[in-house]
Amino acid sequence: MFIDEEGHEKVIVDTDFPPNKDSLLGRGGAITKLKAWEDFLWMSPNAFYSGSPYTVSVSITPSRIGATYSPKTPMVAAMAALALCAARVQGRIGQLKGDGIFYEVRLCYDGEMVPVKVDYYFPHDSSIKRFVFAYSEVREIWPMLIEKACAKCYESYQHMTLRLQKEPLTAAFRLLTGLSLIHISEPTRLGMISYAVFCLKKKKKKT
């Protein structure tokens with residue numbers, strides 16, 4: 001079920017990734033652990049914020065990104081890395097013209113930057129009155145748009161969640177930033193640390 005700003009069903013949605021149970025749980029249905037997801041509704045920001053103003057991306061504050069049911073550490077960490085430069089977020093998201101409200105999100109998929117079209121309906125848990133995956137605490141919808149585009153690439157939110165549990169940081173960073181990660185094991189530390197690898201060009205000295 002999904003709700004528009006007037007409390008009615010919306011008909012202009014992304015037909016390739018519509019706000020329904022398959023997009024949330026995948027065609028195979030929910031595993032036992034995620035049965036609670038079956039009760040989630042789909043809601044637009046207009047309906048959620050009751051007509052109050054919201055934006056796509058303005059302040060883009062990395063520390064104000066939250067998540068409820070999604071894999072918090074990998075997705076939020078990757079979004080925070082992307083948001084360190086506001087222009088990178090703004091350059092990845094654009095609203096499409098035409099009927100309905102659609103956005104284009106650019107992700108690094110299979111090594112190439114590809115545009116992913118999504119609508120603006122997101123899973124919502126009425127019991128806690130919150131969007132249940134990535135969200136911004138300052139009424140910006142860019143984290144939700146990015147995560148929905150990621151979920152579309154993985155065919156559902158559940159499949160995305162399970163994939164990120166197998167590759168906690170590598171998959172999320174690669175999809176959002178295009179960066180590779182290397183794992184360095186240090187004998188003085190208990191755990192393994194991941195580092196983002198940036199390619200920097202050294203300036204030549206003028207003679």
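Which residue lies over the face of F102, and at what distance from the ring centre? That would be K117, sitting 4.4 Å from the centre of the ring. Keep in mind as you look around that this is a predicted model.

K117 has a counterpart elsewhere in the chain. K148 lies over the face of F122, here at 5.7 Å from the ring centre. Both of those residues turn up again in the lining of the largest cavity, where F122 and K148 are joined by P123, F131, V132, F133, A134, M144, E147 and Y157. So it's a good place to go next.

How many cavities of 30 Å³ or more does the count give? Just one cavity comes out. The largest cavity has a volume of about 50 Å³. Its lining has eight nonpolar residues and two charged ones, with no polar residues in the mix. If you want to find your way by secondary structure, look for β7 (122-125) and α5 (142-153), each of which supplies at least two residues of that lining. The largest share belongs to α5, with three residues.

Two of the lining residues, F133 and Y157, lead us on to the aromatic side of the story. They belong to one aromatic cluster along with F17, W37, F40 and W42. In the whole model, the count of aromatic pairs comes to 10. As a reminder for reading such contacts, a pair of aromatic rings is described by how far apart the centres are and by the angle of the planes.

From this cluster, pick out W37. It's found in the loop between α1 (21-25) and β2 (41-43). Is W37 buried or exposed? W37 counts as buried because its relative accessible area is 3%, and the cut-off for that label is under 20%. There is also a link across the sequence here: W37 and Q158 are 121 residues apart along the chain, yet their C-alpha atoms are separated by 9.1 Å.

Another member of the cluster, F17, takes us to the largest pocket, as F17 is part of its lining. About 210 Å³ of space lies in this pocket. Around F17 in the lining you'll find T15, D16, P18, N20, D22, S23, G26 and R27, and from further along the chain K152, E155 and H159. What classes do these residues fall into? They divide into two nonpolar, five polar and five charged. Set that beside the cavity, with its eight nonpolar, no polar and two charged residues, and you have the make-up of both linings.

Technical notes. Residues are numbered from 1 along each chain as its sequence is written. This is a predicted model: local features need pLDDT of at least 70, side-chain atom pairs count only at pLDDT 80 or more; totals for chains, interfaces and linings use all residues. Side-chain values use heavy atoms; hydrogens and water are left out. On a 1 Å grid over the protein atoms alone, a cavity is a set of points where a 1.4 Å probe fits but cannot get out, and a pocket is an open set with protein on both sides within 12 Å along at least five of seven lines; lining residues have an atom within 4 Å of a point. Grid points are joined across faces, edges and corners, and a volume is the space filled by probe spheres set on the points. Ala, Val, Leu, Ile, Met, Phe, Trp, Tyr, Cys and Pro count as nonpolar, Asp, Glu, Lys and Arg as charged, and the others, Gly among them, as polar. Helices (H or I, at least four residues) and strands (E, at least two) are DSSP runs, numbered from the N terminus. Rings of Phe, Tyr and Trp (its six-membered ring) pair if their centres lie within 6.5 Å; planes under 30 degrees apart count as stacked, over 60 as edge-to-face and the rest as tilted. A charge sits over a ring if NZ of Lys or CZ of Arg is within 6 Å of the ring centre and within 35 degrees of the ring normal. Buried means under 20% relative accessible area, exposed over 50%, partly exposed in between (1.4 Å probe, protein chains only).
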